[in-house]
Amino acid sequence: MSEPELVRRINQERRLIYYFNALNGMQTTIRIQEDWCQYIHKNQEIVKGWLQYNMILYLQKRNPSVPGIADKLYPPQERKLEKVKHYWKVLLSLQPVQEIYGHNRLDVESKDISIDHFVPWSFVAHDELWNLHPTTKSINSSKSNHLPDWSTYFPGFARVEYGAYEMVWKNEGVHKEFDKCAKDHLNSMDIRYRLYREGQNFSTFSEQLEGVIRPVYQSAQNCGFDSWIYQGEQNESDSVLL
């Protein structure tokens, strides 16, 4: 069938959204029916939502190893980490922490504390507690969207996380803050049980933490996130590892 004949047949149909003026490759022109124009304008938010939803499905299907497609397309204007910050402040009020990148001593009086996503937020697109730990604002800015070198930093990360885990079960106040955080920052009951059940030693906890975070880390590597090692001055101190 010739293109003119195809256009003629299409234009004979009734109640189409649009009709062809001319079919000519990239120079094709159409005219949209006035009643459809009014309908689309009136329901544009519904139409936009449908388009966005199907775009997310399309992208997620073709990027199965990338989490949080929706949050990457439409990221939140601000990340709400107030509960996590308060949780770490309570921990620091009881015992200092040596952050894992520059070995800076962090305590309740520290003014430069920042909550870091071990695997960058730009990949995970979530604020799960098991991926969060305290560092300084300057180091967090320096790390940016890079992956911390696994062999260099995971052992220290696991020790800091285990120290916090121990305090959850030793101190009632910390446990209360943990429960508040868990409502928003622990969205998998399976992970909550694996990581935060009572009575684990460091070896078991570290193994469980690695089982949760290593696949996410490797997926980020596969997507091109670069490995990073902090190059700033190392602060030698005898601060206590929480």
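A residue is called buried when its relative accessible area is under 20%, exposed when that figure is over 50%, and partly exposed in between. Ala-125, at 8% relative accessibility, therefore counts as buried. Keep these cut-offs in mind as you look around this predicted model. We will visit a buried acidic residue, a positive patch, two residues with a positive phi, and a tryptophan.

**Glu-99, a buried charge**

- Start in the loop between strand S3 (97-98) and strand S4 (105-106), where you will find Glu-99.
- Which side chain of opposite charge is nearest to Glu-99? That is Lys-143, which is 11 Å away.
- A salt bridge needs a side-chain nitrogen of Lys or Arg within 4 Å of a carboxyl oxygen of Asp or Glu, and Glu-99, although buried, has none.
- Glu-99 does have polar partners: its side chain makes a polar contact with the side chain of Thr-135, at 3.0 Å.
- In addition, a polar atom of the Glu-99 side chain lies 2.8 Å from the backbone nitrogen of Gly-102.

**A positive patch on the surface**

- Four lysines, Lys-85, Lys-89, Lys-111 and Lys-137, form a positive surface patch.
- One of them, Lys-137, belongs to helix H7, which covers residues 137-143.
- Is Lys-137 buried or partly exposed? Its relative accessibility is 48%, so Lys-137 counts as partly exposed.

**Two residues with a positive phi**

- Ala-125 is not a glycine, yet its phi is positive, at about 55°.
- To find Ala-125, look in the loop between helix H6 (121-124) and strand S6 (132-136).
- Ser-144 is another residue other than glycine with a positive phi, here near 50°.
- Where does Ser-144 sit? Its place is in the loop between H7 and strand S7 (147-148).
- Ala-125 counts as buried because its relative accessibility is 8%, whereas Ser-144 is partly exposed because its relative accessible area is 40%.

**Trp-36 and a long separation**

- Trp-36 is part of helix H2, which spans residues 34-42.
- With a relative accessibility of 24%, Trp-36 falls between the cut-offs of 20% and 50%, so Trp-36 counts as partly exposed.
- How many residues apart along the chain are Trp-36 and Pro-148? They are 112 residues apart, and their C-alpha atoms are separated by 53 Å.

Conventions
Residues numbered from 1 in each chain as written. Predicted model: local features only at pLDDT ≥ 70, side-chain atom pairs only at ≥ 80, totals over all residues. Heavy atoms only, no water. Patch = residues over 30% accessible without salt bridge, like charges linked within 9 Å, V, L, I, M, F, W, Y side chains within 5 Å. Areas by Shrake-Rupley, 256 points an atom, 1.4 Å probe, with all protein chains shown as cover. Lys, Arg positive; Asp, Glu negative; His and termini not counted. Charge placed at Lys NZ, Arg CZ, Asp CG, Glu CD. Helix = DSSP H or I, 4+ residues; strand = E, 2+ residues; numbered from the N terminus. Buried < 20%, exposed > 50% of the residue type's maximum accessible area, 1.4 Å probe, protein only. Polar contact = N/O pair within 3.5 Å; in protein donor to acceptor, adjacent residues only side chain to side chain.
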